[in-house]
Each structure stands twice: as structure tokens, then as C-alpha cells.
Amino acid sequence: MARLQQLQRLAQDVAAAAAAAEWKALAALNIQLSAALPAMAAQGPWSPAERAALAALREQHRQAVQKVGAASADLGKQLQQMNTHKEGWLAYALDNDFAGNQA
């Protein structure tokens, strides 16, 4: 596959995985990029079209990194909220368990 098409496909794959919040796919793509880009660069100078496709891939990757960061921050907030309310949930569960055993 020509470098231009490979860059375009990678950008599309990164965008699709980020849009679908497919974190495992993004991680795999990140590994793939770390191997593919140096290999592509070793093939010689980039054409203007390839440089444009590389810039588009870089932008898609940047946006994916932002989305992962935002999702991570949201998860952190949810975990903190769960931890904050843990004692109340445990008391509620114990009370329900106690009430169930009384019947």
C-alpha cells in the first residue's frame, strides 16, 4: 500500500476508534503508528500530499488523545464520587440485607 493511502487509512481508523470510544482499538493503533511512521519515513522524502495526510493523521491523533484524557478525567470523577458515597451505600446494603433476613 502506498504511503499516502496508508496515512489516510490510519487517520480514518484513529478517528473512527476515537468517535466510538474504542480505547483498546486506539491503543493498538497507537502501537501500530509507532512502528509504521518511522518505517514510512525511511522510504524517502514525503510528497506534499503525504505531508498533508501526515498532518491530518497528527490532528486525528491529537483529538483522540484529548478524548481519552477527557474520558479518563470523567472516570476519575465517577470513581471519586463512588468512593465519597461508599459508606452510605454500604449502610444501605447492610440495612436491606438485615431487613431481608427479618422476613
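# A walk through three helices

Start by selecting helix 1 and helix 3: their axes come within 9 Å and cross at roughly 15°. Before you go on, keep in mind that what you have open is a predicted model.

**Stop 1: helix 1 with helix 3**

How do helix 1 and helix 3 run relative to each other? With a crossing of roughly 15°, and since angles under 35 degrees count as roughly parallel, helix 1 and helix 3 are therefore roughly parallel to each other. Turn the view until one helix lies over the other, and you are looking at a left-handed crossing of helix 1 and helix 3.

Now show the side chains that make this contact. On helix 1, pick Arg 3, Leu 4, Leu 7, Gln 8, Leu 10, Ala 11, Val 14, Ala 15, Ala 18 and Ala 19. On helix 3, pick Ala 49, Glu 50, Ala 53, Leu 54, Leu 57, Gln 60, His 61, Ala 64 and Lys 67. Colour them by class and you get 13 nonpolar, 3 polar and 3 charged residues in the contact of helix 1 with helix 3.

**Stop 2: Glu 50 and Ala 49**

Stay on helix 3 and click on Glu 50, which lies in that helix. Is Glu 50 buried or exposed? Glu 50 is buried, because its relative accessible area is 11% and the limit for buried is under 20%. Leaving out residues up to four places away in sequence, Glu 50 touches Arg 3, Leu 4, Leu 7 and Pro 45.

Step back to Ala 49, also part of helix 3. Ala 49 has a relative accessible area of 40%, so Ala 49 is partly exposed. Try a distance label from here to Glu 87: the two C-alpha atoms are separated by 59 Å, with their positions 38 residues apart along the chain.

**Stop 3: helix 1 with helix 2**

Hide helix 3 for a moment and bring up helix 2. The axes of helix 1 and helix 2 come within 10 Å and cross at roughly 160°. Angles over 145 degrees count as roughly antiparallel, and that makes helix 1 roughly antiparallel to helix 2. The crossing of these two, helix 1 and helix 2, is left-handed.

To see what touches, select residues of helix 1 including Arg 3, Gln 6, Leu 7, Leu 10 and Val 14. From helix 2, add residues including Leu 26, Leu 29, Leu 33, Leu 37 and Met 40. The contact of helix 1 with helix 2 has 13 nonpolar, 2 polar and 3 charged residues.

**Stop 4: the loop at Ala 21**

Follow the chain into the loop between helix 1 and helix 2, where you will find Ala 21. What is the phi of Ala 21? Ala 21 has a positive phi of about 55°, although it is not a glycine. For background, most residues other than glycine have a negative phi. Ala 21 is partly exposed, with a relative accessible area of 34%.

**Stop 5: helix 2 with helix 3**

Bring helix 3 back. The axes of helix 2 and helix 3 come within 12 Å and cross at roughly 145°, and helix 2 passes helix 3 in a left-handed crossing. On the helix 2 side, the contact is made by Trp 23, Leu 26, Asn 30, Leu 33 and Leu 37. On the helix 3 side, look for Leu 54, Leu 57, His 61, Ala 64, Lys 67, Val 68 and Ala 71. Sorted by class, the contact of helix 2 with helix 3 has 9 nonpolar, 2 polar and 1 charged residues.

**Stop 6: the core**

Now show the three helices together. How many residues does the largest nonpolar core have? The largest nonpolar core has 16 residues, and those with the most contacts inside it are Leu 7, Leu 10, Val 14, Leu 26, Met 40 and Leu 57. Helix 1 (3-19), helix 2 (23-41) and helix 3 (48-84) are the elements that give two or more residues to this core. Helix 1 gives the most to this core, with 6 residues. In soluble globular proteins, nonpolar side chains tend to be buried together.

Zoom in on Val 14. Beyond its neighbours within four places in sequence, Val 14 is in contact with Leu 26, Leu 29, Leu 33, Leu 57, Gln 60, His 61 and Ala 64.

**Last stop: along helix 3**

Finish with Arg 62 and Gly 76. Arg 62 is found in helix 3, and at 37% relative accessibility Arg 62 counts as partly exposed. Gly 76 lies in helix 3 and, at 36% relative accessibility, Gly 76 counts as partly exposed. From Gly 76 to Gln 5, label the C-alpha distance: 38 Å in space, for 71 residues apart in sequence.

Methods
Residues numbered from 1 in each chain as written. Predicted model: local features only at pLDDT ≥ 70, side-chain atom pairs only at ≥ 80, totals over all residues. Heavy atoms only, no water. Core = buried A, V, L, I, M, F, W, Y, C linked by side-chain atoms within 4.5 Å. Buried < 20%, exposed > 50% of the residue type's maximum accessible area, 1.4 Å probe, protein only. Helix = DSSP H or I, 4+ residues; strand = E, 2+ residues; numbered from the N terminus. Contact = heavy atoms within 4.5 Å. Axes fitted to C-alpha atoms, helices over the stretch in contact; angles between N-to-C directions. Parallel < 35°, antiparallel > 145°, perpendicular 65-115°, else oblique. Left-handed = near helix turned anticlockwise from the far one by under 90°. Nonpolar A, V, L, I, M, F, W, Y, C, P; charged D, E, K, R; others polar.
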